[in-house]
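Visitor: I am new to reading protein models, and I would like to look closely at one part rather than hurry over the whole. Could you take me slowly through a single residue and its surroundings, and then outwards from there?

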Amino acid sequence: MAVCSFMGLPWYVAATVISIAHIDSLKMESECSAPGEQPQFLGVREQRLTGILVFVLTGLSVFLAPVLQYIPMPVLYGVFLYMGVASLSGIQFWERIKLYLMPPKHQPDFSFLRHVPLRRVHLFTLVQIVCLAVLWILKSTFLAIIFPVM
């Protein structure tokens, strides 16, 4: 992560919500002029500041532990819940889950639906949901130490 930060590349960590939000904030898209028009991807903003600041603030949080303990846990849970829900719109896995609840005539024109049959997309999504459930169950047991291996 440190190397990616110094080179200005987006970084990925186990904190998925933070990574997706960071990468999404660096994305440049065209302005939509017509209703329903999809914005075009133009590129990525080059910058190194956020990655470096994340590492500095993470390091400083060790020394700020006496102050951070006064932040109520429900406040932190609320912030993380908001960040998670706000970032769902850009995740293909979430879009494929919504396809289960949507009649075929109301489905958006996703690029993966042009090349792969809907049954195959549903099967793949179901496999991912099962894997997510297994990971969720696994992390709440004594076997959680192998979570990173999964």
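In which helix does Glu-95 lie?

Guide: Before anything else, please keep in mind that this is a predicted model, with a mean pLDDT of 81 for the chain and 87% of its residues reaching 70 or more. Glu-95 lies in helix H6, which covers residues 92-100 and also holds Lys-98, three residues further along, or about one turn of the helix. These two residues form a salt bridge, in which the closest N and O atoms are 3.6 Å apart. Glu-95 has a relative accessible area of 14%, and because the limit for being buried is under 20%, Glu-95 counts as buried. Its partner Lys-98, with a relative accessible area of 32%, is partly exposed, so this bridge joins a buried residue to a partly exposed one.

If we set aside the residues up to four places away in sequence, Glu-95 touches Leu-88, Ser-89 and Phe-110. There is also a link to Pro-108 that can be followed by distance, since the C-alpha atoms of Glu-95 and Pro-108 are separated by 9.5 Å, although the two residues are 13 apart along the chain.

Phe-110, one of the residues that Glu-95 touches, leads us to the next feature, for the structure holds one aromatic pair. That pair is made by Phe-110 and Phe-112, whose ring centres are 5.1 Å apart and whose planes meet at 10 degrees, so the pair is stacked. Phe-110 is buried, with a relative accessible area of 19%, and Phe-112, at 15%, counts as buried as well. Beside Phe-110 in the sequence stands Asp-109, which forms a salt bridge with Arg-114, the closest N and O atoms being 2.8 Å apart. Both Asp-109 and Arg-114 are exposed, whereas Glu-95, in the bridge described earlier, is buried.

Helix H6 can also be approached from another side, by way of Thr-125, a residue of helix H8. Thr-125 has 0% relative accessibility and therefore counts as buried. Not counting residues up to four places away in sequence, Thr-125 touches Phe-93, Arg-96, Ile-97 and Tyr-100, and the range of helix H6, residues 92-100, takes in these positions. Helix H8 covers residues 118-139 and has the highest mean pLDDT among the elements of the chain, 91, while helix H2, residues 16-26, has the lowest, 68. Where pLDDT is low, the predicted coordinates should not be read in detail. Towards the end of helix H8 we find another arrangement of side chains, in which the charged end of Lys-139 sits over the ring of Trp-136, 5.6 Å from its centre.

It may help now to place these details within the chain. There are eight helices and two strands, and from the N terminus on the elements run α-α-β-β-α-α-α-α-α-α. Of the 150 residues, 13% count as buried, and Glu-95 is one of the buried residues. Among the contacts in the chain with a separation of 6 or more, 35% are made by residues 24 or more positions apart.

The UniProt record, in an unreviewed entry, lists residues 49-69, 75-94 and 123-147 under "transmembrane region". Over residues 75-94 the chain is 80% helix and 0% strand, with its end C-alpha atoms 25 Å apart. Over residues 49-69 the corresponding values are 90% helix and 0% strand, and the end C-alpha atoms are 27 Å apart.

Finally, the strands deserve a look. A search of the whole structure finds three salt bridges, and one of them joins Glu-29 to Lys-27, the closest N and O atoms being 3.4 Å apart. Glu-29 is partly exposed, with a relative accessible area of 36%, and Lys-27, at 30%, is partly exposed too. Following them comes Ser-30, in the loop between strand S1 (27-29) and strand S2 (41-44). Ser-30 has 23% relative accessibility, so it counts as partly exposed. Ser-30 and Phe-41 are eleven residues apart in sequence, yet their C-alpha atoms are 6.6 Å apart in space. Beyond its neighbours within four places in sequence, Ser-30 is in contact with Pro-39, Gln-40 and Leu-42.

Definitions and conventions
Residues numbered from 1 in each chain as written. Heavy atoms only, no water. Helix = DSSP H or I, 4+ residues; strand = E, 2+ residues; numbered from the N terminus. Buried < 20%, exposed > 50% of the residue type's maximum accessible area, 1.4 Å probe, protein only. Contact = heavy atoms within 4.5 Å. UniProt positions renumbered as here; feature names shortened; annotations may be inferred. Salt bridge = Lys/Arg side-chain N within 4 Å of Asp/Glu carboxyl O. Phe/Tyr/Trp six-rings, centres within 6.5 Å; stacked < 30°, edge-to-face > 60°. Lys NZ or Arg CZ within 6 Å of the ring centre and 35° of its normal. pLDDT = per-residue confidence, 0-100.
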